[in-house]
Every structure is written in C-alpha cells, then in structure tokens.
Amino acid sequence: MSTINLHGVIAVETRYNPPFIDQKWQKTWTEQGLDRTPETFDKPKFYALSMFPYPSGNLHMGHVRNYTITDVIARFKRMQGYRVLHPMGWDAFGLPAENAAIERGIPPAKWTNQNISQMREQLQRLGFSIDWNREVATCSPEYYHWTQWLFLQFFNAGLAYQKESAVNWDPIDQTVLANEQVDNEGRSWRSGAKVERKMLRQWFLKITDYAEQLLNDLDKLTGWPERVKLMQANWIGKSVGAYLEFPIVGMDEKIGVFTTRPDTVYGVTYVVLAPEHPLTKKVTTADRKTAVEAFIKEVSAQSEIDRTSEDKPKRGIPTGGKAINPFTHQEIPIWIADYVLFEYGTGAVMGVPAHDKRDFVFANQNQLPIKIVVVADDELPLTEAYTEPGIMVNSGEFNGMASTKAKEAIIRYAENQDCGKARIQYRLRDWLISRQRYWGAPIPIIHCPKCGAVAVPDADLPVLLPENVEFTGRGASPLAQLAEWVNVPCPSCGTPAKRETDTMDTFIDSSWYFLRYPDARNEEKAFDSEKTNNWMPVDQYVGGIEHAILHLLYSRFFTKVLRDCGLINFDEPFQRLLTQGMVQGITYKNPTTKKYIPAVQIDTNNPQDPETGEKLEVFYEKMSKSKYNGIDPLEFMDKYGADTARMFILFKAPPEKDLEWDDADAEGQFRFLNRVWRLVTEFVGSASAVVNQAGKGADLSKDEKDLRRAIHTAIKEVTEDLEGDYQFNTAVSEMMKLSNAISDSTCKDSPIYAEGIKTLILLLAPFAPHITEELWEMIGNSESVHQQSWPIFDPAALVVDEITLVIQISGKTRGTIQVSATADKDTLEKCARESEVGQKHLDGKEVKKVIIVPGKLVNFVVA
C-alpha cells in the first residue's frame, strides 16, 4: 500500500486484500474518533437509527442488512453536510437470558454482557459509522434507572394502574409462563403440563387514553409505508356505535354491551358473557352450576388465539340466568361462550343471529331464536345472516325506517330511556406491562397495607435487581422469593410493606431508547430536553416489518405521554420509516418428514434426502439455524471482506423486498470491487495521474465529453436513489455503469479521467467504506474520504452536442453517423445523403420517399 507522488510514477499494491484493509481503517477511524456525533448545532441535523438488537451473541445476515442500510444513509448525509447522530445499543432484557440461567447456571447479567461484547465486535468488523460513545444497554442500571423514573411519570399522571388479568399458569411448576414458553399444544416448555389460565393482579398502562391521537396522527406520518399505517389503524380498531344495558332478571345489576349495530337491537334473542366475567357466577342458576364450572375450567386452558380463531367452532352453554331486552321488554337467555373475552370491550355481547354471521351459526347450533329486524325488500326466510343496510321491520316505532337512520334514532331513544348511549370504542386494549420474571426492570412500586401502591422516591432509584438469586424455573418469580429484597418500610408512613415483584415488559425499554441517545451519558436525567428536542424526531428509522404494530405503536404512545408531561416538544418519534425485507437462503426440506437437510449433506444438482433417497423440496426461506440455510457473516467477511457483504446486501434487492442469497451474485460484487481497485491502482501507477484538476467546456474532445456525461449522470442518479426511496440496488448499478465508462474511455491522460476516478470513489464511499478510504489515500489525499463533500452534478455536462443518427435504406439499417444534436430535418437529410453510408447505398437509386425521425434516424425509401 502507498500514497502517490503526483509528480512521478510509483509502484503500488496491485492486489485487493480486504481483511488487511478492513482492519487498517477500522483501527484508524477509532483512533481518529471519525464517527463521533458533533456536539455543536451549527449544521442541519440528521438522526439515522436502526432498531436495536437483542444481544443473542451472534450476528446474522438480517442484522447485516438492517445496519448496512442505515449506515449508508448516515454516511451519505454526513457527506451532504449534515451533523449526523448514528448510535447503537442493546435491547438486553428478556427471557433468553433467564432461560440460560436456568439451563446453564449462568447469571443473566453475565450471559447478556458476554453476548453484547461479542456482537459489538462483530458489528465493528462491518465498518459501521456508529458512535459507540452513545451505546446503551437496557439491562444496565444506568439505563433502567430512567426506565423506572419514566414509569413513575405515568403512575403520577394516572396512566399506570393495576387490575386482575389472565396469565399462563404451569400447575406443576407453580409458575407463570410467557407465551413463548407454551408450545402449540398448550403445554409448558419445561414440565409438559397442560397450561391453565389464571387471574393475577397486574400492571397496565392506559394507552387507550391516547387511542384517538394515535389513530389521527397516522396522517402526519407521510414518510411511513402505507402498509404499516394501515396495520396500526386496524390494531387500534376504532368503532362507532352504542353502549346498551340489559337488566338481569331478579337482580339490580345490568349487562353492558357495545354494538356497532344498534339498529338490530330488536333482534337480540340472547346475550353472551365471557366465562371469566364477574357476573357469570351471579347469573348462573343452581341447576346449571356444575356444567358452567366445568365449561369455565375447560375454556381457561385455551389460549386467547384459540378462543377467537375464525376457523374454530364457537362453543357455549346457557347459565340458566335471564336478561331483559330493554327495547322489546322480553326475557332472553344469558349464555357464556369461549369466543367472548373479558378483556375485550365490556366482556359481553348481544346475540343478533339474523344479522351477524357468527351469531347466525351459533344460534343454529344451539337452537336459539332468530328474529329478522332489517330487510332488503321483502321479509324472506334466511339461509344466512343478512348484514347489509335495509328497512326496519319488527322494531316497534322504528318500522319502515332506513336502518342507517335508525341507528341514531335508537341511540337517542336509549339515552331518553336511560338504557344506553352513543359510544366510540377501540379494539386497542390497555398495555399489560407486568412480567413475573427476574430479568427485566423492576417496577418501582411499594405496596403498603395502609397507603396502597406507593411510588419509590426518585432518590431511591434505581431499584436494583438483586444478584443473590437462584434460578429454577419453578415457583414464584425469583424476586418474590427474596424476603430481604421484598420486605421494606413504606416510603410514606414507615409501615412494613412489600416491593412489587413484577418486572416490566421489555417493550417498555424500547419505547424510549431513541430519546436517550442524544444525551446517553446523563447521570442526572433520563435526557436533557434541549438536546433531545434538538435531535428528535428520528429522521430515518430502519427495522423489520414484524415491529409494525407493538414496538412502533408503544414508542408513539410514550412520545405523546412524555410530550404531555413537558419533557419533549414533538408529537411523533420517527419521521421516515423503512421496513427492510428478510434475508432468505436456499432451503432443502423433505416433504414427507418435514425435516430440513443441510446443503453440505446433499448433491445440490440432484437434492435427495441422504437417509431415505426422497426428492427434496428446494425453495428460499428466511435464514435460520434450524433450517440449515444461513450464511455466517463472519465467515463471509473472512473470505470477501466487509465491503463485499455490504455491496451484495444493497445490490441484490430493493431494501423493502425480501433478499434471496446467491453465492454467485455475492462473488459478482467482489469482482466489481476488484475492478474498481484495478482502475484506481492502474491510474495511480500512470505518469499522468492528476486528481485535483477538472476539465469542462467546449475544448473537450468527444471522448472527454462522453466520459464527463457519464460521470455527472452517475452523480445525478446515485444522489436521487439515496434521497428518494433508497433504491440502493439501482445506485450500485449506476456506479457499475460509471466504472465501465471509465474503463472504456480512451482519454486516460485527461483531467476528465481523473475526475471520473475521484467521483467513483466518492460515490462508492457510503456503500464500501474500507476500499474507498484506501483508494482515496492512494490517489494522494490525507483527509478521510468520509469527510469529503458529496459530488454535485453539473446539468451542463448532460447536454449532448452530437447524436448518433441511424441511416436506413427501405427500413434496413445500413450505418450511423454523428450529427449536431440541434440539426433540423433538412440538415439531417443533407448529412445523411452526403455521408459515406448514404452515397454508397443511394448511388444510382431513385429515392421515392424520405422518413425522418429527429434525433434518431433517416430512412430513404428507394424504388
């Protein structure tokens, strides 16, 4: 390797050696602090952020794709003159660390920190321009101190509360299980016991208070994919309708329901309670008690997904109790059914079988009455539920009214009769944040028998996770078993009290981490509002579509609450969102046994199961260890270098599409980088290598003009690809075109050629940072290529002076000539006739007609 003496020919290293170059420049960048975030506010800001990873310990190609995309954007914006914040951290709490403690006896903190160290090193090998001085780990007390403090802001604002809610309960190990610890047969991952649903008192955040804002503000997110916004809108699930009350016969209590079809209330022939509804026991008659209790126990073993699945039959039984339809004043039976959940809406629904598909099936299964109250024209026997608008029938004073108008009229009637009112309801439920686990941020609440739930004083934060913990996977949460940690005096009155032993959902940690990065080392506050307000919102957020709902919705919720607390001054956390596609690998699967087979065990030209000889299915699927279709990023970089990995990831597919890994295409990018290397080293080795001169103007030769046009076309196209929808694949294609144009150019002694070399290196720098840094130094520069200004295209360079005119004789192409780009039709015909091609093919022939297409061709039609 060497730098160039501009006044003479020198010898340079001719072989591209990626591992050497990668290590050299990564070390140099670290020493120089090249990627540190500017502390001054004198330039426009750009906050580039990838969703931070869980520290599993091993980088995979999905990580490489995500972080490469963000890194290219960050590097590009720096070269455009922005001050850039590009940080990284670790979503480090969670179940895998606790499982490791149970299975291997490794403390969760030790296991997690080892994984963080390993993954940080792997990320650094890819040359990402991350400011590691702002690194955060959610499991660090320095971080969860402020997670706890933020929880208390919710608590003090009345947005955090406790209520009874169902959990997965292992009856053998006597412990709560996460959903991931329940297999597809509903059994515990550890004991194999059939999991039960059990009610526990748990903590919730009142996200429903912000449902309308979260829904309406989706319109502000013009930089988000429409698909993601639609997913969030559907999850929030706004419904406009009525709340109606059905009195219970023989009791003072009423059953409240929400409906979007108050026009069908005269057709209600039964009501259904959730089995776990508090009224279920009260309305159950003595003769139905045994059957009802058995049904409740059976349903408690089902997951929420099983109970609400569309393709499963709906099951229910009568309680023996009766309610009164307040509109018809008739008694109707009260049932319980598995498809009604207490956590949804009011935990009860009204049955209108004539006008609801599910109710129609349920009523027919259980011989319940079906009463038609809305018809299209004539009232006809039903073969299926009629769910469209129509005319009201069998509905008292509302008969003959259009059902759409009857909705409002019936709501007014209900309000006047004190049996209902208009209501807007959301599918969104309050966020359950309690986890009966150890490895999470402890909820900073103390339960006092006199004062109730009391916030831990700010001065006592953080509530640290104790280290003297035994992990067995059995019994109560490890925290609940530590008497010396649990038993504390009440901060308000001094009475013996107990700590909250639940920890927080890890989504809490990731709902505010982006606010911490602008002020990551602050020991006095969660963040300095001035700094965070200056950097936020994130200008470009990059992550997987799997986070489209929960993480992104919770982050938006947190942002709005903290805005209302006066901590920040913006409404939305992420201006632009890019959801990158998955990285897929070629996969081999036995169609009979469903077993995946590693490629190393088969002949890929004739894939057969090595044990049975069966022909294997061959397809692309998301890379996974269990499917034996992954590519180890470290092994790939050992062979080809980080820049080739980055270039292939960017070139193979648009960022939002799934990427199918192909070894041949990856090697193609390695060959391209080698071509660039040879172009520059050959240029440096020539006597005419002059890189800081530029040429333009009328004195340029045709070859120089053509090359300069190619240079500025590349600048224009690559810039547009990076500023628009991030079409990295077409940007790489443009750089390949420029490389070819430079290679094919005959003006190698010209300043234009030097301009082409310099421009190619600059355009390539965000994509392949190591090789471009080496080449930039090689052509005589001492300052980093990543600190240079992004090239600006010259529109004048794209103007074409001459065009290639095709000459045809009776429609057949006979040759081409160069003519002025501004030539009119007469001039084009004259040039074509007088050309060598024209004279040769028109000599002695009668021209019957001349067809001229300006800028393209002249066609002589001859006799």
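**Figure 1. Surroundings of Ala363 in helix α11 of the predicted model**. Leaving aside neighbours within four places in sequence, Ala363 is in contact with Tyr270, Pro353, Leu368 and Ile370 in this predicted model. One of these partners, Tyr270, is 93 residues away from Ala363 in sequence, and the two C-alpha atoms are 9.1 Å apart in space. Ala363 has a relative accessibility of 1% and therefore counts as buried, the limit being under 20%.

**Figure 2. The second largest pocket and the contribution of helix α11**. This pocket has a volume of about 1,300 Å³. It is lined by 42 residues, of which Phe258, Val349, Asp356, Arg358 and Gln425 are the closest to its centre. At least two lining residues come from each of β9 (254-259), α10 (304-308), β13 (348-351), α11 (357-365) and β16 (420-426). Helix α11 gives the most, with six residues. By residue class, the lining of the second largest pocket consists of 15 nonpolar, 14 polar and 13 charged residues.

**Figure 3. Lys314 in the loop between α10 and β11 (316-324)**. Residues up to four places away in sequence are not counted in the following list: Lys314 touches Arg307, Thr308, Ser309, Asp338, Tyr339, Arg358, Phe362 and Gln365. A polar atom of the Lys314 side chain lies 3.5 Å from the backbone oxygen of Lys312. With 14% relative accessibility, Lys314 counts as buried.

**Figure 4. Asp131 and its contact with Thr37**. Asp131 is placed in the loop that runs between α4 (108-124) and β4 (136-137). Its relative accessible area is 3%, so Asp131 is buried. The side chains of Asp131 and Thr37 make a polar contact at 2.7 Å. Apart from neighbours within four places in sequence, the residues in contact with Asp131 are Asp35, Arg36, Thr37, His86 and Pro87.

**Figure 5. The largest cavity and its lining**. A search of the whole structure finds one cavity of 30 Å³ or more. The volume of the largest cavity is about 150 Å³. Its lining comprises 19 residues, and Ile102, Thr175, Arg437, Gly473 and Arg474 lie nearest the centre. Two or more lining residues are given by each of the elements α3 (95-104) and β6 (175-177). Strand β6 provides the largest share of the lining, three residues. Seven residues of the lining are nonpolar, eight are polar and four are charged.

**Figure 6. Helix α19, a mostly covered element**. Helix α19 spans residues 642-651, and nine of its 10 residues are buried. These buried residues are Ala642, Asp643, Thr644, Ala645, Arg646, Met647, Phe648, Ile649 and Leu650.

**Figure 7. Two cis peptide bonds that precede proline residues**. The bond from Leu461 to Pro462 is cis, with omega near 0°. Pro462 is found in the loop between β20 (452-455) and α13 (483-486). The bond from Met536 to Pro537 is also cis, with omega near -5°. Pro537 lies in the loop between α16 (529-535) and β24 (538-544).

**Figure 8. Positive phi values at Asp418 and Tyr726**. Asp418, a residue other than glycine, has a positive phi near 60°. This residue is found in the loop between α12 (403-416) and β16. Asp418 is exposed, with a relative accessible area of 60%. Tyr726, likewise a residue other than glycine, has a positive phi near 55°. Tyr726 lies in the loop between α21 (702-723) and α22 (728-744). Tyr726 is buried, with a relative accessible area of 3%.

**Figure 9. The chain as a whole and the confidence of the prediction**. The chain contains 26 helices and 32 strands. Its C-alpha atoms fill a box of roughly 110 × 75 × 65 Å, taken along the principal axes. Of its 863 residues, 53% count as buried. Among contacts with a separation of 6 or more, 71% involve residues 24 or more positions apart. The mean pLDDT of the chain is 92, and 96% of the residues reach 70 or more. Over residues 1-11, however, the pLDDT is below 50, and this stretch has 25 contacts in the model beyond near neighbours in sequence. Predicted coordinates should not be read in detail where pLDDT is low.

How values were computed
Residues numbered from 1 in each chain as written. Predicted model: local features only at pLDDT ≥ 70, side-chain atom pairs only at ≥ 80, totals over all residues. Heavy atoms only, no water. Helix = DSSP H or I, 4+ residues; strand = E, 2+ residues; numbered from the N terminus. Buried < 20%, exposed > 50% of the residue type's maximum accessible area, 1.4 Å probe, protein only. Polar contact = N/O pair within 3.5 Å; in protein donor to acceptor, adjacent residues only side chain to side chain. Contact = heavy atoms within 4.5 Å. pLDDT = per-residue confidence, 0-100. 1 Å grid on protein atoms, 1.4 Å probe; cavity = no way out; pocket = protein on both sides within 12 Å on 5 of 7 lines; lining within 4 Å. Points joined across faces, edges and corners; volume = space filled by probe spheres on them. Nonpolar A, V, L, I, M, F, W, Y, C, P; charged D, E, K, R; others polar.
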